[in-house]
Amino acid sequence: MLAKKMVRLLLALTLVFSVLPAAWAQAEQSDHSGHWAAEIIDKWLEEGLVSGFPDGTFRPNEGVTRAQIARLVNTVFGFGEAAEIAYDDVPSNAWYAKDIAIAVKAGYLKGYSERVMRPEQPITRQEAATVLARLLNLPPDESAADVYKDPTPAWSKGSVGAVTKAGLLQGYPDGTFRPSRIVSRAEALVILDRVMDRLAVLFDKAGVYGPATGTETISGNVVVTAADVTLRNMVITGDLTIAESVGDGDVYLNGVTVEGKTTILGGGEDSIHIQNSRLAVVEVNKADGPVRIVVSGNSSVATVTVQSGAKIETFELTGEGVANLVIEAPEGTEIVLDGDFEAITIAGENVVVEVTENTTVKELTVEKAAEVKGRGKIAKAVVRASGVVFERAPETIETAPEVEPPVIAPPSPSQPPQPQPTPAPPSPSAISVSGVTVVDATTVEVTMPQLPGAAFTWNGKPVISAEYSSGKYVLNVPYMQSGASNTLVITAPGYQTYQNNNIRWTDTLSYEDITEFNWVTDRTEPGEWSVSEDGWITLATKEEPNNNWYAWQGRKAAIDMPVTSDWKVETEIRLTEELLSRDGVRTSMWLNVVDPAGKNIDWAILQFRLDSATGTKGWQWWDSKGQGSWIDIPNLPTEAGTYKLAIHFSNGMVTQYINGVKVNQYTVDDDLSSVREVIFNSYSFGNAYTVKWKVPTVLYYQKFPAGAKIISNADQLKAAIENQKDGETWVILDGIYNLGRFDKIERGGQTGWYFPITANGLTIIGESKEGTVITSDVYSPNGVWASQDHVSVWGDNVTIRNLTIKPKAETNKAIEVMGKDFRLIDVNFVRNEKNLEEFAGSLFFNPQNEAKDIGDALVENVLIHDAWISASPMYVEKGTLTLKNTTIDFRVAPTPTTTGMASSATTA
C-alpha cells in the first residue's frame with residue numbers, strides 16, 4: 001500500500017506540473033543556481049520527477065495555484081467523491097472543475113464565498129499550511145507559530161504552528177513566516193520532498209486489514225480515515241492517526257504495535273477498541289463530542305494524554321493496561337474512567353473526572369482545581385492545587401504545602417420538588433461576545449456562539465462576508481484606515497443588539513509620501529488635462545479612431561520611490577451620469593512596478609469600462625502574465641458616485657481594493673519592488689468623454705536607509721565595487737554573490753583583489769544574515785598578498801553588517817582590515833564547501849597607516865566558525881578592538897596563528 005501511495009505522488013507531480021502554461025522539456029540552462037532550494041530542485045530534476053520550461057528555465061519563484069494543489073492532493077490521497085459546486089469562477093469545462101469539486105467534498109479546500117473559489121489564484125503559505133495540517137491530521141499548535149516575528153491570522157495560526165512543528169514549512173531568515181506570501185514552485189518541491197518522508201499508508205474504506213496469522217510491518221505512518229476499520233497483526237514503525245473523518249464510527253486495533261504516537265481525532269460512544277496491542281503514546285483530541293476508548297486483553301499503553309471529552313475503559317486485562325493517564329482537557333470537560341489504572345494525573349483546570357463504581361486507581365495526582373466524582377476506589381491521592389473536590393474520599397491523601405485540603409462532598413440527598421411561581425416573560429438575552437480581534441486591515445474575528453439569523457454591520461453597512469468557524473465569526477470588512485475608529489453592530493432574533501464603536505486597526509509600518517508629480521504625455525496627449533486646486537484631474541479624450549494602440553490618451557508621472565517591501569497608491573474616480581450615458585468608456589490607473597534591478601515585473605491596473613457594443617458597465621484589473629488580459633471584477637456597484645481605488649504591495653503580494661473591498665490579490669516575482677510610473681489613461685472609442693481622477697496618494701515604507709544603493713545581483717555588486725565612492729551605503733539583497741578577482745583595482749602595489757573596499761565611510765548591509773552570502777569559487781593559491789584575502793578593507797570607517805561571508809575556495813583571510821575604525825556587526829563566517837580544509841578564514845587586522853593604528857574597531861554579534869581573529873603586535877601597535885557577543889571557534893588552524901582573541905582586547 002505504501003508503494004501505491006508513492007506511485008500516486010509521482011503521478012500527481014506529473015499531472016500538476018503539466019498543467020502549467022507551457023509544454024515542458026528537460027531544463028538545460030539552470031536559472032536556479034544559487035537559489036536557496038537549488039539542491040532539492042536539482043535532485044528532482046535529475047530523478048526525472050519534474051522538468052523545466054521549453055526555454056530551459058525552471059522558474060523557481062513562480063507560484064502554484066489553488067487548482068494545481070487540488071489536483072495534487074486528490075491524486076495523492078485518492079479522493080474521488082465530488083460535491084455539487086456553483087462557483088462563478090469555476091467553469092464546468094475547465095480542466096480543474098472536477099478537482100475543485102472533489103477538494104470541496106473532501107473538506108480541505110474552501111471558497112472565499114459561496115460564489116468565488118479563485119482556482120487560478122496562487123496558493124498562499126497559510127492556505128498551504130491549512131491544507132497540509134488537515135490532510136496529515138496534524139493537531140493545531142498556535143504556540144509553535146509564536147516563533148515568528150510577523151503576526152499570523154487566527155484562522156490559520158494553529159495550522160501554521162502545526163506544519164512548523166512537523167518541519168513541513170519553515171520561516172524566512174529574518175524570522176518571519178509571511179503567511180500571505182504565495183507558495184512558489186521551489187517551495188512546493190521542498191514541501192513535497194518533506195511530505196514524501198511522512199507519507200502514510202491510508203486506510204480509507206471499511207474492512208479488515210493485516211494478515212490472519214503472522215505479522216505485517218509497515219515502515220512509516222498510518223492514517224485511518226474511515227469508520228469500521230480493523231487493523232490486525234501489524235507493527236507500525238511510525239505514527240498512527242485515527243482521523244476526524246472517522247466521525248462517531250468504530251476502529252479496532254487487534255494485535256497491533258505502534259512504535260510512534262497514536263493520535264485519536266475521531267470516534268464516538270462505542271468507538272476505539274485496543275485489544276492485545278502495544279502502544280507507546282496515545283493522544284486523544286476529538287473536536288466535537290466525547291470518544292470511548294476500550295483497552296482489553298494482553299494490551300499495554302505507556303501513556304494516554306486526554307485533551308478532549310472521553311471515556312477510558314480497561315476490560316478483562318491480561319497485559320499491563322494503561323500505565324500513565326494524563327488529563328489535559330479544557331475547563332469543564334468531562335472524563336469518565338472505568339476499570340483499573342496505575343497512575344492518573346489531572347493537569348487541566350476545572351475538569352470533571354468521574355470514577356465509576358467498578359474503577360480502581362492506584363495513585364491520582366491532581367495538579368489543578370478539579371472535581372472528582374463517582375464511587376470508585378482511589379488508593380492514594382496527591383493534591384497539589386486548591387479547589388479540589390472528591391465525592392468519595394481517597395484512602396490516603398497527601399496535600400502539598402500551602403494548598404487547601406480537598407473537599408469531600410458526597411451528593412446531597414434529593415429534595416421533593418417545590419412549587420415554583422410562574423416566571424415573567426424573559427427579556428431578550430445579551431449577545432455573548434467574549435472578544436473582538438482585528439486580524440488585519442480587512443479581517444475581524446468575533447468570538448461568540450453561533451446564532452441563527454445573526455447579522456453584522458460595519459460602519460452602518462453590511463459586512464462583505466461572515467463565516468463561523470471554531471467558536472468565532474470571521475468577518476471580511478472594507479479596508480480600515482490605520483488608527484481610525486470603526487463601529488460593529490451585531491443583531492440576532494431574540495437577542496439584544498450588540499454594538500462596539502471603537503474597533504481599530506493599526507498599521508505597524510510608518511510611511512513616507514510622494515507629493516510632487518510632473519505629468520507628461522504617455523501614449524497620446526489627451527484633449528484636455530488639468531489639475532484643480534483641490535487635487536482633481538480632468539482627463540478628456542479627443543475624438544480618435546478606436547482599436548488603436550494610440551487610442552489610449554493620458555499622462556504619466558515618474559515616481560522617485562526607493563526599493564521597498566511595502567507601498568500604497570490610492571486614488572478616486574468620479575462616475576458622473578453624463579459619463580455613464582456615453583457609448584463607450586475605458587479609463588484606468590496604471591502602475592509600472594519594477595524590481596530592485598529596475599526591470600518591470602508587473603503592470604498593476606484598475607479600470608472602469610462601459611462596453612461600446614453591449615453597454616455593459618463594470619470594473620476590471622489587468623493580468624500581466626503572458627500577453628496580458630483584462631479580468632472582470634464581479635459584484636461591484638457601477639452607479640454614479642465617487643469610488644476609491646487602491647493598489648497595495650507587501651512582500652511580493654499585490655492587493656487591489658475598490659471602496660475598501662478587496663477585489664484582487666496576486667503575487668509578483670520579487671519580495672521587493674517600487675513604482676516607477678503612475679499613469680492615468682482613457683481609451684477613445686471615437687467620441688470624446690471626460691473623467692475626473694483624484695491626484696494619487698503615493699506612500700512607501702522606508703525599508704532601507706535613504707539614498708542607499710540597492711544591489712540585487714552579482715553584476716550590480718561588481719559595478720558597485722568598481723565605482724565605489726566615499727560615504728555610500730549599499731544594501732545587498734538576499735542571494736549568493738559569487739565574484740571573481742578585480743584586475744583593475746590597485747592597492748598595496750597589487751591588483752587581483754577579490755572584494756576590495758577602497759572608499760572611506762562605506763556601509764555595506766545585507767538584507768538578512770543567512771540570506772545574503774558573499775563568496776567566490778575562483779581558485780587561487782595563497783601566494784601574493786592580493787590572493788590571500790576575500791574581503792580587503794582599505795578604507796577607513798567602513799561598516800559591514802547582516803550578511804554571511806563564505807570566503808574564496810582557497811581560504812586564508814576572510815577579511816583583512818587595512819583601514820581604521822572598522823565595524824563588523826551581525827556577520828557569520830562559514831566554510832566554502834569547495835575548500836579542502838575545514839577552515840572559514842580569519843578576521844585579520846593589518847593597519848597600513850604609519851602608526852599601525854586600528855582606531856576604534858568593533859566586532860559585534862559575529863560567528864567566526866572554524867577560524868579566528870588576529871590582531872598581532874607584529875602588525876597592530878595602537879587602537880582598541882572590542883568584541884561583543886562574538887563566538888570564535890578555534891578547532892582548526894591550518895597555519896599557526898600569532899594572536900587569537902576570544903574577548904575584548906586593547907593594544908596601545
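# Salt bridges, sheets and cores in a predicted model

User: In this predicted model, which residues are linked with Asp174 in a network of salt bridges?

Analyst: Asp174 belongs to a network of salt bridges rather than to an isolated pair. The model, which is predicted, holds 31 salt bridges in total. The residues linked with Asp174 in this network are Arg178, Arg181 and Asp671.

User: How many residues apart in sequence are the parts that the salt bridge of Glu127 with Arg66 ties together?

Analyst: Glu127 and Arg66 form a salt bridge in which the closest N and O atoms are 3.2 Å apart. Glu127 lies in helix H5, residues 125-135, whereas Arg66 lies in helix H3, residues 66-77, so the pair ties together parts whose separation in sequence is 61 residues.

User: Are Glu127 and Arg66 buried or exposed, and how many residues of H5 are buried?

Analyst: Both partners of this salt bridge, Glu127 and Arg66, are buried. The buried residues of H5 include Arg125, Gln126, Glu127, Val131, Leu132 and Leu135, and just after the helix Asn137 takes a positive phi of about 55 degrees. H5 is mostly covered, and its buried residues number 10 of 11.

User: Which strands hold Lys261 and Glu283, and is Glu283 buried or exposed?

Analyst: Lys261 and Glu283 form a salt bridge with their closest N and O atoms 3.9 Å apart. Lys261 lies in strand E7 (residues 251-264) and Glu283 in strand E9 (residues 278-284), so the pair ties together parts that are 22 residues apart in sequence. Lys261 is partly exposed, its relative accessible area being 30%. Glu283, with a relative accessibility of 14%, counts as buried.

User: What is the relative accessible area of Lys625, and what is that of Asp623?

Analyst: The side chains of Lys625 and Asp623 meet in a salt bridge with an N to O distance of 3.1 Å. Lys625 is exposed, with a relative accessible area of 62%. Asp623, by contrast, is buried, and its relative accessible area is 14%.

User: Why is one side of strand E24 and of strand E28 left without a neighbour in the sheet?

Analyst: The two strands belong to an open sheet of 4 strands, in the order E24-E25-E29-E28 and with antiparallel pairing. Strand E24 (435-440) and strand E28 (465-469) each have a single partner strand, so one side of each is left without a neighbour because both stand at the edges.

User: What is the average twist in this sheet from one strand to the next?

Analyst: The twist concerns the open sheet with the order E24-E25-E29-E28. From one strand to the next, it averages 20 degrees.

User: Over how many bridges do E28 and strand E29 pair, and which residue of E29 stands opposite Glu467?

Analyst: E28 and strand E29, residues 472-476, pair in the antiparallel sense, and they do so over 5 bridges. Opposite Glu467, the residue in E29 is Val474.

User: Which residues touch the most other members of the largest nonpolar core, and which strand gives the most to this core?

Analyst: The largest nonpolar core has 54 residues, of which Phe203, Leu231, Ile346, Leu364 and Phe390 touch the most other members. With 5 residues, the strand that gives the most to this core is E7.

User: How many residues does the second, separate core have?

Analyst: The second core is separate from the largest one, and among its members are Val731, Tyr737, Leu739 and Phe742. Across the protein chain of 908 residues, buried residues make up 51%. The size of the second core is 52 residues.

User: What percentage of contacts in the protein chain between residues at least 6 apart in sequence join residues at least 24 apart?

Analyst: The protein chain has 9 helices and 63 strands, and its accessible surface comes to about 40,600 Å², of which 48% belongs to carbon and sulfur atoms. Among contacts between residues at least 6 apart in sequence, those that join residues at least 24 apart make up 55%.

User: Where do Asp826 and Asn885 lie?

Analyst: Neither residue is a glycine, yet Asp826 has a positive phi of about 55 degrees and Asn885 has one of about 50 degrees. Asn885 counts as exposed, at 63% relative accessibility. Asp826 has its place in strand E57, residues 823-829, whereas Asn885 lies in the loop between strand E61 (878-884) and strand E62 (887-888).

Note on methods:
Residues are numbered from 1 along each chain as its sequence is written. This is a predicted model: local features need pLDDT of at least 70, side-chain atom pairs count only at pLDDT 80 or more; totals for chains, interfaces and linings use all residues. Side-chain values use heavy atoms; hydrogens and water are left out. A salt bridge is a side-chain nitrogen of Lys or Arg within 4 Å of a carboxyl oxygen of Asp or Glu. Buried means under 20% relative accessible area, exposed over 50%, partly exposed in between (1.4 Å probe, protein chains only). Two strands pair if DSSP finds at least two bridges between them. Axes are lines fitted to C-alpha atoms, for helices over the stretch in contact, and angles run from 0 to 180 degrees between N-to-C directions. Contact means heavy atoms within 4.5 Å. Accessible areas come from the Shrake-Rupley method with a 1.4 Å probe; for residues, only the protein chains shown count as cover. A nonpolar core is a set of buried Ala, Val, Leu, Ile, Met, Phe, Trp, Tyr and Cys residues joined through side-chain atoms within 4.5 Å.
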